[in-house]
Amino acid sequence: MTNLHPLLHFDKIRFLDQSMNTEAPAMQSFAIDDALCLSISNGLSPHVARLWVHDQTIVLGIPDSRLPHLNEGISFLQKEGYRVVVRNSGGLAVVLDQGVLNLSFLFPDGKQLGIHDGYKAMVSFIQFLFADEDASLDVYEVEGSYCPGEYDMSVNGQKFAGISQRRVKNGTAVQIYMCIEGSGSERAEVVRKFYSEALQEEDASYDYPVIRPETMASLNELLGTSMTVSDVRDKILSKLEEISTSITTDPLNGQELEWFEKRLKQMRARNEKVL
């Protein structure tokens with residue numbers, strides 16, 4: 001616990017478990033995090049930890065929306081049974097399904113935080129979360145993975161998690177996806193085929209990652225375990241109880257629901273324009 005990032009030294013945290021609502025559209029989660037950032041900015045909410053899972057969804061980054069053959073790529077994904085949404089935080093395409101658990105930490109004082117602080121806080125929590133597993137969780141950009149970044153989390157060179165960050169007013173949302181169950185390489189193959197459809201050979205001037213599916217794996221594959229998303233959910237709650245003196249589970253209040261509806265409307269408008 002002593003290695004936890006200073007951002008995780010708090011007395012009170014609000015825990016929202018929305019991981020069972022798997023059929024909800026993923027854009028709802030991004031709108032919820034925006035609403036919570038506004039709530040934290042206005043002093044209406046303490047720190048927040050929120051869990052979310054969305055089934056059969058490909059979340060595109062804003063750069064993906066500029067792909068020259070985006071419609072062909074989206075058609076491929078839809079034929080494969082995936083819903084497609086463009087998120088409002090950074091990064092590129094990622095896969096969400098019932099074996100992928102997402103965790104958002106929402107912090108106040110966003111304007112005072114360095115750009116790396118949120119990422120490092122999330123990394124320290126995930127290392128703390130799995131400290132009892134017999135494996136070293138490495139942090140560096142995994143080339144060949146989808147949505148590569150400096151704070152990719154991996155074991156023996158295979159990535160299982162990626163982190164993005166978004167600031168709204170004076171709140172910061174740090175979001176991580178963790179592939180817990182299933183096949184990481186099969187998820188990566190879907191993203192590889194999406195890029196091959198949306199970025200064809202004549203489009204060499206576009207700089208997008210070349211996906212190598214073997215660079216991705218689920219945590220179960222990497223650790224030889226049989227954890228479920230539900231198991232990790234319980235583990236997260238247990239660890240939060242260790243590092244905070246008070247945990248609340250208050251649902252979104254009236255003002256937060258207003259902000260949520262407004263942000264969701266903005267996301268829908270943006271997605272309609274792009275997709």
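# Exercises on helices, burial and backbone turns

V168 touches D34, C37, L38, S41 and R263, leaving out residues up to four places away in sequence. The model is predicted. Work through the exercises with the structure in view.

## Exercise 1: Placing V168

Find the element that holds V168 and decide whether V168 is buried or exposed.

Solution.
- Step 1. V168 is found in strand β9.
- Step 2. The relative accessible area of V168 is 4%. Buried means under 20%, so V168 is buried.
- Step 3. Contacts of V168 include D34 and L38, as well as R263.
- Step 4. Now take a distance. V168 and K262 are 94 residues apart along the chain, and their C-alpha atoms are separated by 14 Å.

## Exercise 2: Helix α1 against helix α7

Describe how α1 and α7 cross, and list the residues that meet.

Solution.
- Step 1. Two packed helices are described by the angle between their axes and the distance between the axes.
- Step 2. Locate the pair: α1 covers residues 27-41 and α7 covers residues 254-274. Their axes come within 8 Å and cross at roughly 135 degrees.
- Step 3. That angle makes α1 oblique to α7.
- Step 4. The crossing of α1 past α7 is right-handed.
- Step 5. From α1, the contact uses M27, Q28, F30, A31, I32, D34, A35, L36, L38 and S39. From α7, it uses E256, W259, F260, R263, L264, M267, R268 and N271.
- Step 6. Sort the residues of this contact: eleven are nonpolar, three polar and four charged.

## Exercise 3: Span and cover of α1

Compare the span of α1 with its expected value, then judge how covered α1 is.

Solution.
- Step 1. At 1.5 Å a residue, the 15 residues of α1 should span 21 Å. The end C-alpha atoms of α1 are 21 Å apart, so the values agree.
- Step 2. Of the 15 residues of α1, 13 are buried, and α1 is mostly covered.
- Step 3. Take D33 in α1 as an example. D33 has 1% relative accessibility and counts as buried.
- Step 4. Beyond its neighbours within four places in sequence, D33 is in contact with R50, W52, S104, L106, A173 and Q175.
- Step 5. Look just after α1. G43 takes a positive phi of about 70 degrees there.

## Exercise 4: What encloses α3?

Name the buried residues of α3 and the elements that cover them.

Solution.
- Step 1. Helix α3 runs over residues 117-129 and has 13 residues. From first C-alpha to last it reaches 18 Å, close to the 18 Å expected at 1.5 Å a residue.
- Step 2. Ten of the 13 residues of α3 are buried, so α3 is largely enclosed by the rest of the structure.
- Step 3. The buried residues are G118, Y119, A121, M122, V123, S124, F125, I126, F128 and L129.
- Step 4. Their cover includes strands β6 (100-107), β7 (138-139), β8 (153-155), β9 (158-168) and β10 (171-179). Helix α6 (229-243) is also part of the cover.

## Exercise 5: Two residues of one loop

State whether F130 and E133 are buried or partly exposed, and list what each touches.

Solution.
- Step 1. F130 lies in the loop between α3 and β7. E133 lies in the loop between α3 and β7 too.
- Step 2. F130 is buried, with a relative accessible area of 2%. E133 has 22% and counts as partly exposed.
- Step 3. Set aside neighbours within four places in sequence. F130 is in contact with L137, M178, L219, M227, V232 and K235. E133 touches L223, T225 and M227.
- Step 4. F130 and I236 are 106 residues apart along the chain, with C-alpha atoms separated by 9.6 Å.

## Exercise 6: Helix α2 against helix α4

Give the angle, handedness and contact residues of α2 with α4.

Solution.
- Step 1. The axes of α2 (residues 70-79) and α4 (residues 184-198) come within 7 Å and cross at roughly 145 degrees.
- Step 2. α2 passes α4 in a right-handed crossing.
- Step 3. α2 brings L70, E72, G73, I74, F76 and L77 to the contact, and α4 brings V190, K193, F194, E197 and A198.
- Step 4. These residues divide into seven nonpolar, one polar and three charged.

Terms used:
Residues numbered from 1 in each chain as written. Predicted model: local features only at pLDDT ≥ 70, side-chain atom pairs only at ≥ 80, totals over all residues. Heavy atoms only, no water. Axes fitted to C-alpha atoms, helices over the stretch in contact; angles between N-to-C directions. Helix = DSSP H or I, 4+ residues; strand = E, 2+ residues; numbered from the N terminus. Parallel < 35°, antiparallel > 145°, perpendicular 65-115°, else oblique. Left-handed = near helix turned anticlockwise from the far one by under 90°. Contact = heavy atoms within 4.5 Å. Nonpolar A, V, L, I, M, F, W, Y, C, P; charged D, E, K, R; others polar. Expected span 1.5 Å × (residues − 1). Buried < 20%, exposed > 50% of the residue type's maximum accessible area, 1.4 Å probe, protein only.
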